[in-house]
Amino acid sequence: MKQATTTIVKPLPDHLFRVHGESAEMKWQAMSGVGYHTPNDRFFVRNHTSTPLIDATTWRLRVHGAGVRWPREFGYDEVRAMPSRTLDVAIECAGNGRRFYGTQQDDAAPGTQWGLGAIGVARWRGVLLKDLLEEAGVRPEAVDVLPTGLDAPFEDYGHVRRPLPIGKAMDDALVAYEMNGVPLPADHGFPARLVVPGWVG
């Protein structure tokens, strides 16, 4: 039997996922015998609203603000034509394991009650954020980068966004367009998403 959701595009069969409203947690038994990388069809989904469906032919990645000299827009094909990097990186929701706070720490935490399945490892391919920032003429006095998602605004908070210190942005942060050898699925950021090794997803 498949669990129904109006916010996630991919199928969520009961034997692979536990659904939490607009998000889906992978069941650990779904990885039995699979190996190191989490297949795309089993990778957890964390949505604040719903998965956006984006046309790559009209999508643009904008790099702008006081920290760059020449604001730029990059099209999908332009991003894919740049030198690429491939990284094996785990993505984990900051709330992974939250449902155990009450029973293990005697201090229940609000929010999505994840078990331990809000984590996955994938092989990501894309362009280093550093290369895009350099194309836009990143200034030496730049302090941080504020990546902003294209999902619908979340309650009164607006679009999902997370600040990133310029040091990390210029290190190994990746604007990924492939996941495990195929174009990013819609639920995982198509046409491109930021992957920041060592940081919470």
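**Exercise 1. The main core**

Which residues touch the most other members of the largest nonpolar core? Work it out on this predicted model.

*Solution.*
- Step 1: start with the members. The largest nonpolar core has 25 residues, and Leu129, Leu132, Leu133, Ile166 and Ala169 are the ones touching the most other members.
- Step 2: ask which elements supply it. Two or more residues each come from β3 (60-63), α1 (76-81), α3 (129-135), α4 (166-169) and β9 (174-179). With 3 residues, α3 gives the largest share.
- Step 3: zoom in on Leu132. Skip its neighbours within four places in sequence, and you'll find Leu132 in contact with Leu61, Phe74, Met82, Val127 and Val175.
- Step 4: look for another core. There is a second, separate one of 16 residues, and Phe44, Trp114, Ala118 and Met179 are among them.

**Exercise 2. The whole chain**

Describe the overall build of the protein chain, beginning with how many helices and strands there are.

*Solution.*
- Step 1: count the elements. The protein chain has 4 helices and 11 strands.
- Step 2: check the compactness. For 201 residues the globule rule gives 17 Å; the radius of gyration here is 18 Å, close to that, so the chain is as compact as a globular protein of that length. Along the principal axes, the C-alpha atoms fill a box of roughly 50 × 35 × 30 Å.
- Step 3: look at the contacts. Take those in the protein chain with a separation of 6 or more: 63% of them are between residues 24 or more positions apart.
- Step 4: turn to burial and surface. Buried residues are 41% of the 201. The accessible surface comes to about 10,800 Å², and carbon and sulfur atoms account for 53% of that.
- Step 5: place the charges. There are 22 positive and 24 negative ones, and their mean positions lie 3 Å apart.

**Exercise 3. A valine in a loop**

Find Val138 and decide: is Val138 buried or exposed?

*Solution.*
- Step 1: locate the residue. Val138 sits in the loop between α3 and β7 (144-145).
- Step 2: apply the cut-off. Buried means under 20% relative accessible area. Val138 has 18% relative accessibility, so Val138 counts as buried.
- Step 3: list the partners. Leaving out neighbours within four places in sequence, Val138 is in contact with Gly67, Val68, Arg69, Leu133, Ile166 and Met170.
- Step 4: compare sequence with space for one of these partners. Arg69 and Val138 are 69 residues apart along the chain, while their C-alpha atoms are 6.3 Å apart.

**Exercise 4. Backbone oddities**

Where is the cis peptide bond, and what is the phi of Asp106 and of Asn180?

*Solution.*
- Step 1: recall the background. Most residues other than glycine have a negative phi, and most peptide bonds are trans.
- Step 2: find the cis bond. Phe190 and Pro191 are joined by one, with omega about 10°. Pro191 belongs to the loop between β10 (182-183) and β11 (193-195).
- Step 3: take Asp106. Its phi is near 55°, positive even though the residue is not glycine. Asp106 is in the loop between α2 (101-104) and β6 (119-128). With a relative accessibility of 69%, Asp106 counts as exposed.
- Step 4: do likewise for Asn180. Asn180 isn't a glycine either, yet phi is positive at about 55°. You'll find Asn180 in the loop between β9 and β10. A relative accessible area of 26% makes Asn180 partly exposed.

Definitions and conventions. Residues numbered from 1 in each chain as written. Predicted model: local features only at pLDDT ≥ 70, side-chain atom pairs only at ≥ 80, totals over all residues. Heavy atoms only, no water. Core = buried A, V, L, I, M, F, W, Y, C linked by side-chain atoms within 4.5 Å. Buried < 20%, exposed > 50% of the residue type's maximum accessible area, 1.4 Å probe, protein only. Contact = heavy atoms within 4.5 Å. Rg over C-alpha atoms; globule rule 2.2 N^0.38 Å. Areas by Shrake-Rupley, 256 points an atom, 1.4 Å probe, with all protein chains shown as cover. Lys, Arg positive; Asp, Glu negative; His and termini not counted. Charge placed at Lys NZ, Arg CZ, Asp CG, Glu CD.
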